[in-house]
Amino acid sequence: MRESAMADELAVAEAWVKAGRKVAVATVVETWGSAPRPVGSHLVIDAQGNFEGSVSGGCVEGAVVAEAADVIASGKASMLEFGVADETAWRVGLSCGGRIRVYVEPVTHAA
């Protein structure tokens, strides 16, 4: 993902917080295999389920948005993991194999 795109998503988070919206930021922290977004990619989510950015190109965004609602409500961060957990998936030719870890954290104030 372009560095400017990541900065744009964090600017969205900052603007939403300044506007009084409750916000969470999801960040790709680890990938393995065919993950479509690199480490450092962001998804910014507000309490109404609006979002900007991407952590997986559409594969897991729905689950991340749902988790973000819980993170916003509780104020506690969460680590999510999606994908094939067994590295043998590549040896047997599963082209959709891979794994992604996403850290979802509440944003409590503008930067």
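Me: In this predicted model, what stands opposite Thr-27 in S2?
Reply: His-42 does. Thr-27 also has a bridge partner in S5, namely Tyr-103.

Me: Why are S1 and S2 called paired strands?
Reply: Pairing needs at least two bridges between two strands. Five bridges join S1 (residues 23-33) to S2 (residues 42-46). The requirement is therefore met. The two strands run antiparallel.

Me: What makes S1 and S5 a pair?
Reply: The test is again at least two bridges. S1 and S5 (residues 98-107) have ten, in the antiparallel sense. So they pair.

Me: How many salt bridges does a search of the whole structure find?
Reply: Five. One of them links Glu-14 and Lys-18.

Me: Why is the contact of Glu-14 with Lys-18 called a salt bridge?
Reply: The cut-off is 4 Å between a side-chain nitrogen of Lys or Arg and a carboxyl oxygen of Asp or Glu. For Glu-14 and Lys-18 the closest N and O atoms are 3.1 Å apart. That is within the cut-off, so the contact counts.

Me: What separates Glu-14 and Lys-18 along helix H1?
Reply: About one helical turn, because they are four residues apart in H1 (residues 3-18).

Me: Why is Lys-18 called exposed, and Glu-14 partly exposed?
Reply: Exposed means over 50% relative accessible area, and buried means under 20%. Lys-18 has 59%, so it is exposed. Glu-14 has 26%, which lies between the two limits, so it is partly exposed.

Me: How do you know that Glu-30 and Arg-101 form a salt bridge?
Reply: Their side chains meet at 3.3 Å, N to O. The limit is 4 Å, so the pair qualifies. Glu-30 lies in S1 and Arg-101 in S5, so the bridge ties together parts that are 71 residues apart in sequence.

Me: Why are Glu-30 and Arg-101 called partly exposed?
Reply: Glu-30 has 33% relative accessibility. Arg-101 has a relative accessible area of 27%. Both values fall between 20% and 50%, so the term applies to each.

Me: What makes Arg-101 and Glu-81 a salt bridge as well?
Reply: The N to O distance is 3.7 Å. That is within 4 Å, so this pair counts too. Arg-101 is in S5 and Glu-81 in S4 (residues 78-83), so parts 20 residues apart in sequence are tied together. Glu-81 is partly exposed, at 45% relative accessibility. Salt bridges that share partners join Glu-30, Glu-81, Arg-99 and Arg-101 into one network.

Me: Which residues form a nonpolar patch on the surface?
Reply: Val-29, Met-79 and Tyr-103. Together they have about 230 Å² of accessible area. Tyr-103 lies in strand S5. At a relative accessible area of 30%, Tyr-103 is partly exposed.

Me: What span does H2 reach, and what is expected?
Reply: H2 (residues 61-74) has 14 residues and reaches 20 Å from its first C-alpha to its last. The expected value at 1.5 Å a residue is 20 Å, and the span is close to it.

Me: How do you know that the buried residues of H2 line one face?
Reply: The buried residues are Glu-61, Val-64, Val-65, Ala-68, Val-71 and Ile-72. Seen down the axis of H2, they fall within an arc of 115 degrees, so they line one face of the helix.

Me: Which residues are exposed on the other side of H2?
Reply: Gly-62 and Ala-73.

Notes:
Residues are numbered from 1 along each chain as its sequence is written. This is a predicted model: local features need pLDDT of at least 70, side-chain atom pairs count only at pLDDT 80 or more; totals for chains, interfaces and linings use all residues. Side-chain values use heavy atoms; hydrogens and water are left out. Buried means under 20% relative accessible area, exposed over 50%, partly exposed in between (1.4 Å probe, protein chains only). Patches are made of residues with over 30% relative accessible area and no salt bridge: like charges are joined within 9 Å, nonpolar side chains (Val, Leu, Ile, Met, Phe, Trp, Tyr) within 5 Å. Accessible areas come from the Shrake-Rupley method with a 1.4 Å probe; for residues, only the protein chains shown count as cover. The expected span of a helix is 1.5 Å times one less than its number of residues. The arc is that of the directions from the helix axis to the C-beta atoms.
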